[in-house]
Amino acid sequence: MNRRFALALCVLLLTGACGYGDAPVTSSESQVGAEQHPQLLAQFGGSYAGDETQYLKTLGARVAKAAGLADQCTFTLVNSDVVNAFAVPGCYIYVTRGLMGIVNSEAELASVLAHEVGHIAANHSERQQRRSVVRGLGVAAISAVTGSERLSRIAGATAALFTLRYSRKHEYEADDLGVRYLRQAGYSPFAAVGMLTALGRHQQFLAATREREDAAAMPEWALTHPLTEHRVARSLAAAKASGVAPDALTENREAYLQEVDGLLYGDDPAQGFVNGTQFAHPVMRIGFQGPSGFKLSNTPQAIRIDGPDGLQGVFSGGRMPPEGLRAYAEATLAGLLQGAQVELGTASLTRVNELPTIIIPGTVATEQGPVAFSLAAYEGDGGDAFHFFMVSKPGAAQASAIGALYESFRLLSDAEAASLRPRRIKTVRVASGETLRSAASRMVADQPLQHFLMLNGRSEREPLRPGELVKVVVTAPS
Ligand SMILES: [Zn+2]
């Protein structure tokens, strides 16, 4: 969750929007892209402020030129740890730092950019989709919170966001164009095969290390770009058909691995840390604990909360208005419910861990019948305000779990805040005698060996070679 809040929960990443542009890039498309750019960036958590940003821009310019779109595309490295890449009208192409983390060569990253540029060059967008990328966000936010079609309509637009996925045919076309651009940019076309394989490993890693539902809900590049064995086989065939020998063109592996040395990995302290059912934000100095059975997911705008039996909600915050906590709570509710048919219960004023708190219950009419909700808002330090908004089936069954969640909100001590440190990728050279297991033991991560293999795009059958570079994840020095 970013310091800059929005009331609505953005699910752009969760649903994997993949907006498409015109080809060639027209001036009106460029204008739409330029208008949407700051809004999209805010939804994603902003651009990443590291050296890798300029590296991505330079590489992107090289790929765009190879595709005949020199100086027409804008490449942005997004400060998000999900693995994703997408293109929107006007050839605005976004890559997350999460994706850069699992890539193992410059050519592999170039293959992602070439694929996205391929969608633009092949004009894969539908006219009605071109203007709707940002507009769709608000709609998705409401329906994600309430699961209600009716509320989607109240929000005033069709859920265009959900139709922005490419067809399989378009994915294949973008793959084919991508391989061609990759070669034209001077990279081995076989890198596209390596990249798809890396994405497949990442997907398997998530499936193996998280609960099933969690993996399915993950905002993954692979969701918008269905990763079939067939797709890998196709890209291999295309690489072979290019007539370029597997080792003839560069992959720039070492240069890439040195480039990502120091790249932020996992949660950004500015967006807070999720650890199981616990959330802690060292910058805002707040934390809370979900009851067992709850799941938390960090998005740039909010923490999404999922509980048993369809319980859903968000945690977010903002600035306290001069009128105080009740005004904050009411404005937040109005923003979330957007004029839906609502029946509010009696608000209660209380204190939770010494913080002034207001809790407002209510019900909202939906096509599936009434849905119960409640909002708990807190007065933090220094003019900050925070809130939970939880939606559940009517009845008291979930009230105690929601109550426990609300009671857990608290300010962090200085020592707790100081103990929450970010992790970074560190590129290390393999010493002689080093094994996969000993290298993996350097990782600050759960399931270090699986994590190490995923991060470095290899299997247990590929032992380390002395002198090669590999990535590990370490805690950043404080
Ligand atoms: Zn695609």
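Reader: What is the mean pLDDT of the protein chain?

Author: Good place to start, since this is a predicted model. Of the chain's residues, 81% reach a pLDDT of 70 or more. Confidence stays under 50 over residues 3–23, and likewise over residues 212–223. For the chain, the mean pLDDT is 80.

Reader: Which helix gives the most to the largest nonpolar core?

Author: That core has 74 residues. Val63, Ala110, Leu113, Val117 and Leu182 touch the most other members. The helix you want spans residues 106–121 and contributes nine residues: it is α5.

Reader: Where does this core lie with respect to the domains?

Author: Residues come to it from domain 1 (3–129 + 165–258) and also from domain 3 (423–475). Because both contribute, the core lies between domain 1 and domain 3.

Reader: Which residues is Val63 in contact with, leaving aside its neighbours within four places in sequence?

Author: Happily, Val63 is among the core members that touch the most others. With those sequence neighbours set aside, its contacts are Ala110, Leu113, Ala114, Val117, Tyr181 and Ala185.

Reader: How far apart are the end C-alpha atoms of helix α9?

Author: Helix α9 covers residues 168–184, which is 17 residues. At 1.5 Å a residue it should span 24 Å, and the model agrees: the end C-alpha atoms are 24 Å apart.

Reader: What do the buried residues of α9 pack against?

Author: Buried residues in α9 include Leu177, Tyr181 and Leu182. Just after the helix, Gly186 takes a positive phi of about 95 degrees. The packing partners of the buried residues are α3 (51–66), α5, α10 (191–209) and α13 (229–241).

Notes
Residues numbered from 1 in each chain as written. Predicted model: local features only at pLDDT ≥ 70, side-chain atom pairs only at ≥ 80, totals over all residues. Core = buried A, V, L, I, M, F, W, Y, C linked by C-beta atoms within 7 Å. Buried ≥ 20, exposed ≤ 12 C-beta atoms within 10 Å, placed from the backbone. Helix = DSSP H or I, 4+ residues; strand = E, 2+ residues; numbered from the N terminus. Domains from an automatic or database assignment. Contact = placed C-beta atoms within 7 Å. pLDDT = per-residue confidence, 0-100. Expected span 1.5 Å × (residues − 1).
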